Amino acid sequence: MTQYYLWLLQFMGAANPRSVQLIKHYGSAEAVYEAFQTDGCNPRFLKSSETAALKTASLDNSREIMQICANNHYRIVTLEDADYPVALKNIYNPPILLFVSGDLLREELCLAVVGTRNACDYSFKITKKLCTRLAREKVTIVSGMAIGIDKTAHTAAVEVKGRTIGVLACGFMVDYPRFSTPFRQEIINTGGAVISELLPFQRGERGYFNYRNRIMSGLSRGVLLIEAAEKSGCHITAAHAINQNRDIFCLPPSDIYNPRFRGVIGYLRDGAIPVFDHGDILNEYLIKSAPVEPDLEYGDGHTNEDYSEDKPIKVKSSVSANSPKTKPFNITPQKPPEPDLSELSEETRRIAELLKDGAKTVDFLAEKSGFMADELSDYLLELEIDGIIESGAGSSYKLMNHV
């Protein structure tokens with residue numbers, strides 16, 4: 001059946017809810033393929049372009065992709081397979097297949113950990129301590145393989161030989177974030193897994209990061225929110241978790257007046273579970289044992305905000321199944337402040353500086369920055385995800401909010 005799922009993924013695209021509709025409508029991916037071999041097949045819920053693409057598509061590329069995966073030791077797990085995670089299968093719009101490297105399916109508690117890329121020292125310190133202790137207690141840490149809090153959470157689990165699952169925002173054959181491929185192997189070597197719903201050579205696009213987050217929360221019983229400003233990509237994962245009836249845990253701010261924690265405060269006000277110790281998470285799911293001594297140390301955070309241009313997802317349920325019914329937290333993004341370039345890497349700051357006097361084309365940025373095309377593309381994507389720049393007409397980019 002795998003070739004039919006690959007056929008559907010290629011021509012419908014990842015995270016397309018109409019792919020799941022097609023499978024439910026016809027009963028299987030193979031049945032979808034057979035239906036589209038006839039002229040009369042034209043489901044009303046499909047776009048005309050999707051119908052045309054499926055009618056002319058062949059299975060040839062599917063077989064090539066299967067061979068690429070076999071050569072590189074990637075498994076392909078479809079919705080019909082027994083080792084497809086049950087929790088993920090039951091969310092709205094589950095991935096129709098997963099590319100997997102490592103050990104995906106285990107009967108263990110999974111917790112998604114999310115936070116900003118440019119977190120303060122306090123957030124990094126507590127993330128490492130919490131994830132280290134949770135991993136020792138056989139909790140699987142799920143995160144998005146990005147720099148910052150994601151990498152800290154994964155690393156904490158790996159260092160104590162714990163289990164972690166990295167959800168990629170690109171295909172397996174793409175090294176994003178740059179130079180992260182060796183770390184993927186470290187995750188696999190300690191019993192974890194790296195997964196993606198994107199085709200092997202597919203590069204991540206900004207819009208897809210929103211959809212990737214639904215997999216992180218879908219795999220997990222709850223989401224631990226480490227640090228989030230009023231406008232942050234972390235709200236996307238939290239909103240997915242709320243819609244999926246997952247619990248929301250929040251690290252209390254080190255400074256309630258620091259703008260980088262405004263998003264966290266909003267969730268805490270609406271009933272999210274505060275985490276002062278890893279035991280606060282374990283006690284929600286496991287049999288309570290002896291009290292765990294608190295060990296969190298609070299310190300001063302930095303002052304700059306993190307924000308993203310990700311579109312909001314409508315919140316349909318309360319923060320947690322166990323929390324009192326409250327009015328859902330309004331996560332509609334407000335207009336972000338002028339980008340703060342002070343904490344960017346040298347490479348990304350070089351590009352941002354070139355945009356200070358207005359929008360520039362990719363060709364201009366390549367010439368002035370000196371970066372190769374692949375490098376420039378990765379840095380531009382990183383800046384977009386962090387909400388520093390936005391794309392415009394004619395393959396151009398400009399600083400966010402720049403007139």
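This is a short tour of the structure above, stop by stop, with what to select and what you will find there.

**Before you click**

You're looking at a predicted model, where local features need pLDDT of at least 70 and side-chain atom pairs count only at pLDDT 80 or more, while totals for chains, interfaces and linings use all residues. Residues are numbered from 1 along each chain as its sequence is written, and side-chain values use heavy atoms, with hydrogens and water left out.

**The whole chain**

Start with a cartoon view: the protein has 16 helices and twelve strands. These are DSSP runs numbered from the N terminus, with helices being H or I of at least four residues and strands E of at least two. Of the 403 residues, 56% are buried. Here buried means under 20% relative accessible area, exposed means over 50%, and partly exposed is in between, using a 1.4 Å probe and protein chains only. Among contacts with a separation of 6 or more, 72% come from residues 24 or more positions apart; a contact means heavy atoms within 4.5 Å.

**The cores**

Next, select Trp7, Leu8, Ile96, Phe99 and Ile195. In the largest nonpolar core, which has 74 residues, these five touch the most other members. Helix H1 (residues 2-12) gives the most to this core, with seven residues. A nonpolar core is a set of buried Ala, Val, Leu, Ile, Met, Phe, Trp, Tyr and Cys residues joined through side-chain atoms within 4.5 Å.

Zoom in on Ile96 and show its surroundings. Setting aside neighbours within four places in sequence, Ile96 is in contact with Tyr5, Leu8, Leu9, Ser19, Val20, Ile23, Thr78 and Leu79. Apart from the largest core lies another one of 27 residues, and Val139, Ala156, Leu251 and Ile273 are among them.

**Ser62 and helix H1's neighbourhood**

Now pick Ser62, in helix H5. Ser62 is buried, at a relative accessible area of 0%. Its side chain reaches the backbone oxygen of Gln3 at 3.0 Å. That falls under polar contacts: pairs of N or O atoms within 3.5 Å where, within protein, one must be able to donate a hydrogen and the other to accept it, and residues adjacent in sequence count only if both atoms are side-chain atoms. Not counting residues up to four places away in sequence, Ser62 touches Gln3, Leu6, Trp7 and Gln10.

**Aromatic pairs**

How many aromatic pairs does a search of the whole structure find? Seven. Rings of Phe, Tyr and Trp (its six-membered ring) pair if their centres lie within 6.5 Å; planes under 30 degrees apart count as stacked, over 60 as edge-to-face and the rest as tilted.

Select Tyr74 and Phe172 for a stacked pair, 4.4 Å centre to centre with 25° between the planes. Tyr74 sits in the loop between helix H5 (60-71) and strand S1 (75-78) and Phe172 in the loop between strand S5 (164-167) and helix H9 (181-189), so the pair ties together parts 98 residues apart in sequence. Both Tyr74 and Phe172 are buried.

For an edge-to-face pair, go to Phe249 and Tyr285, at 6.1 Å centre to centre and 70° between the planes. Phe249 is in strand S8 (residues 247-250) and Tyr285 in helix H13 (residues 278-285), so this pair ties together parts that are 36 residues apart in sequence. Both Phe249 and Tyr285 are buried.

Then show Tyr4, Trp7 and Tyr33, which ring pairs link into a cluster.

**Charges over rings**

Switch to sticks for Lys151 and Phe183: the charged end of Lys151 sits over the ring of Phe183, 4.7 Å from its centre. Lys360 lies over the face of Phe364, at 5.5 Å from the ring centre. The test is NZ of Lys or CZ of Arg within 6 Å of the ring centre and within 35 degrees of the ring normal.

**Strand S12**

Select Tyr397, in strand S12 (residues 396-399). Tyr397 is buried, with a relative accessible area of 14%. Its contacts beyond four places in sequence include Leu355, Lys360, Val362, Leu380 and Ile389.

**Backbone oddities**

Finish with the backbone. The peptide bond from Tyr176 to Pro177 is cis, with omega near -10°, and Pro177 lies in the loop between S5 and H9. Lys138 isn't a glycine, yet has a positive phi of about 70°; Lys138 is exposed, at 59% relative accessible area. Asn245, also not a glycine, has a positive phi of about 65°, and counts as partly exposed at 45%.
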